[in-house]
Each structure stands twice: as C-alpha cells, then as structure tokens.
Amino acid sequence: MTPSTANAATTCEDLSFPVTVALLPQTMHGRLCAPPGASTVVVLIPGGTYNASYWDIGYTPEIRSFRLAANSAGVATLALDRLGTGSSSKPLSTLLSASAQAVAAHQVIQSIRPRFAKVVVGGHSIGAAMAMIEAGRYRDVDGVLVTGMTHRMNLITVIPVLANMVPAPVDPDLSARGLDAGYLTTGQGTRYTAFHTPGPYDAGAIAYDESTKDVFATTEAVDSLTLTTVVTPASQQITVPVLLVVGDDPHFCGTLGSDCSSPAALRASEAPFFGGPLQTFILHGYGHAINYAPNAPTYFAVVTSWLKTLS
C-alpha cells in the first residue's frame, strides 16, 4: 500500500476514555487514526500549552503532521488531549500533575491495547515526561518516543518562558473556557520565541500555533520538570526501546542542558537515565516544537523506521 493509498483509507474517530484521577472520574479525549491492518499504535501526549492538534498540524500538514506521516507508514496514532485541555475534562488545576496525567494515560493504554499488537507511548516536552513516567511505572508498552525533552534542562532559557505565561482566565482567547487561574498559557505573541527559535520564522505556522494554543496546570510543570526525583527514577525503570528526538533546543541542550552536538553525544549524555536500549536523533535547524520544523519529515521518517524495528 502506497503512502497516499494508506492515508486515503485511514479512518479517524474521536474517542472518550473514562479515567479516574485523584479518586475522581474524568474523561480523556483522543483522536484515533488507523490505516487498514495497522498492528502498532502510538499513543501521543502533547506538551504544555498544546493539545492533540500538535500531532496533526493543519498548516502544511504534508510537512508538519506527525499523524499523516505515521499513518502513511501503516502506523496508527492516538493523539490525546491532556486533562485540562482540548475536549478532555477540565478539573481543578491543583488536581493535575505529570504523575496524574501519566495515571490517566495508563488507563487509556489499557483500554486501547486489545485493539493492537504493539502499543508505543510518546510525548513532547512535559508530555514526554508523562510518557516516561507512565512507561517506567507501569511497564505496559512496547516502546517509548521522547521528543522535545532531555534529562538536563537549561533553566537560563526555561525560567523566562515560564515567567511570561499568563493565567488562562485573563487570556482573551481562552477566558471563555471557565478555567481557574492555576491554568497557564503563553502571552500574546510570545510563542515563536518560546518554542520555535532558532528555527526560521514562518508567519503561517506561528499563526496556526497561536490559534490552537492551549494550557497547562502549574502543578503539571512542578513534577514534570523535577527531573532528578520524579522523571529519572521512572525512566530508569524503562527497559523497552526508547527513541529520543530533539532539535537545536535551547531549553534542553547546551551548557546546562544535554550535549546535542551529535546523536552519539546525545546518546552518551542520556543513556544513563534509561534502563533499556536508547536511540537518538537530532533535527538540526529548529527549536523546541520540532513538529513545526520545515524539515520535520526527516524526523518523522526516523520515527517510523524505528517503529518497524519493534515489530
């Protein structure tokens, strides 16, 4: 089946998964897209201020849609809205953390697993932290995809980004959602600097990113960015294959971050944090939100090739 035929035959459905977090019932929304005969599904968790649309970018999707690329390769995708975002439940922000989101993702994985022979969990940025926590604690997946995150963070660039966040109730695009002030989003006009530099400025891409922006709970950031006491103990329990992909990411690479000078250097920097085999790839020429990179198909191809090795 050719890529165009696979995408033409791909079926997508919106699913609502009942989950329980902090003893309270919630609903996690996901969009499942599966080409005919797909035996592997990648359960995808977006990063902070993003929702499921990050994995299926509508601006030049033939370049920037991870979902299209994976489906073209015969792999199903289940892109989730983290609790508090998109079409998922929106509980009090203080009920959410990276660990709580991992608990919810685990329940989704248990629900979807009977439909597929292989289940991979993947995430971007704090969504990658959630994916690692889920995989390490529950050991219920066949592989882990980590994008836009390493175990060493450059606080020099991260702190200013966090400082420029604003409470969702005062954001003109999000105020109507009724979210409490513990939910944060990017200030108007700050997304390029926060997530895309040093990549080229594409006005259409940034406009799309602004139009689909979402939130994260302050408490989600606390344990997802507590790398030594929360994320690392979980990732060291991961024994299945891991693929880690970053761009020229100012938030996780460089002097205070990991060594992203080459895939080999990145692997040497990150391998001690994982309990199983680690493969690394660097998408040079872009910053944090690598799905928006003009050369994103290069990394998509690396991911789909890696997924085939899990079969």
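Trainee: Leaving aside its neighbours within four places in sequence, which residues is Phe-66 in contact with?

Mentor: Please keep in mind that this is a predicted model. In it, Phe-66 contacts Leu-44, Trp-55, Thr-77 and Leu-145. Its partners also include Asn-291, Tyr-299, Phe-300 and Val-303.

Trainee: How should I read such a group of contacts?

Mentor: In soluble globular proteins, nonpolar side chains tend to be buried together. Here the largest nonpolar core has 101 residues. Phe-66, Leu-78 and Tyr-299 are the residues with the most contacts inside that core.

Trainee: Is Arg-64 buried or exposed?

Mentor: Arg-64 counts as buried because its relative accessible area is 4%, and the limit for that word is under 20%. The residue belongs to helix α2, which covers residues 61-64.

Trainee: Which polar partners does the side chain of Arg-64 have?

Mentor: One is the side chain of Thr-60, joined to that of Arg-64 by a polar contact of 2.5 Å. In addition, a polar atom of the Arg-64 side chain lies 2.8 Å from the backbone oxygen of Tyr-292. Beyond four places in sequence, the residues that Arg-64 touches include Ile-57, Tyr-59, Asp-202, Ala-205 and Phe-300.

Trainee: What should I look for in the backbone itself?

Mentor: Most residues other than glycine have a negative phi, and most peptide bonds are trans. Exceptions to either pattern deserve a second look. In this model, the peptide bond between Thr-197 and Pro-198 is cis, with omega of about 10°. Pro-198 sits in the loop between α7 (191-196) and α8 (203-211).

Trainee: Where do Ala-22 and Thr-49, which have a positive phi, lie?

Mentor: Ala-22, with a phi of about 55°, is in the loop between β1 (11-21) and β2 (24-34). Thr-49, with a phi of about 70°, is in the loop between β3 (40-45) and α2.

Trainee: Why is Ala-22 called partly exposed, and why is Thr-49 called buried?

Mentor: Ala-22 is partly exposed because its relative accessible area is 48%. Thr-49 counts as buried because its relative accessibility is 0%.

Trainee: Which residues does Thr-186 contact, leaving aside its neighbours within four places in sequence?

Mentor: Thr-49 is one of them, and the others include Met-165, Val-166, Asp-171, Arg-191, Phe-195 and Lys-213. Thr-186 lies in strand β8 (residues 183-186). With a relative accessibility of 1%, Thr-186 is buried. Its side chain also makes a polar contact of 2.8 Å with the side chain of Arg-191.

Trainee: How many salt bridges are there?

Mentor: Side chains of opposite charge can pair when their charged atoms come close. The count for this model comes to nine salt bridges. One of them joins the side chains of Lys-213 and Asp-171, at 2.9 Å from N to O. Lys-213 is in the loop between α8 and β9 (216-217) and Asp-171 in the loop between β7 (165-167) and β8, so the pair ties together parts that are 42 residues apart in sequence. Lys-213 and Asp-171 are both buried, and both appear among the contacts of Thr-186.

Trainee: May I see another pair for practice?

Mentor: Consider Glu-13 and Arg-115, whose side chains form a salt bridge of 3.0 Å, N to O. This pair links distant parts of the chain, 102 residues apart: Glu-13 is in strand β1, and Arg-115 is in the loop between α4 (98-112) and β5 (118-124). Glu-13 is partly exposed at 33% relative accessible area, and Arg-115 is partly exposed at 48%.

Trainee: Finally, how does one find empty space in a structure, and how much space lies in the largest pocket?

Mentor: Rolling a probe the size of a water molecule over the atoms shows where empty space is left. In this model, the largest pocket holds about 180 Å³ of space. It is lined by 14 residues, and those closest to its centre are His-29, Arg-31, Ala-52, Ser-53 and Ala-79.

Trainee: Which elements give two or more residues to the lining of the largest pocket?

Mentor: They are β2 and β4 (76-80). Of the elements, β2 gives the most to this lining, with three residues.

Key. Residues are numbered from 1 along each chain as its sequence is written. This is a predicted model: local features need pLDDT of at least 70, side-chain atom pairs count only at pLDDT 80 or more; totals for chains, interfaces and linings use all residues. Side-chain values use heavy atoms; hydrogens and water are left out. Helices (H or I, at least four residues) and strands (E, at least two) are DSSP runs, numbered from the N terminus. Buried means under 20% relative accessible area, exposed over 50%, partly exposed in between (1.4 Å probe, protein chains only). A polar contact is a pair of N or O atoms within 3.5 Å; within protein, one must be able to donate a hydrogen and the other to accept it, and residues adjacent in sequence count only if both atoms are side-chain atoms. Contact means heavy atoms within 4.5 Å. A nonpolar core is a set of buried Ala, Val, Leu, Ile, Met, Phe, Trp, Tyr and Cys residues joined through side-chain atoms within 4.5 Å. A salt bridge is a side-chain nitrogen of Lys or Arg within 4 Å of a carboxyl oxygen of Asp or Glu. On a 1 Å grid over the protein atoms alone, a cavity is a set of points where a 1.4 Å probe fits but cannot get out, and a pocket is an open set with protein on both sides within 12 Å along at least five of seven lines; lining residues have an atom within 4 Å of a point. Grid points are joined across faces, edges and corners, and a volume is the space filled by probe spheres set on the points.
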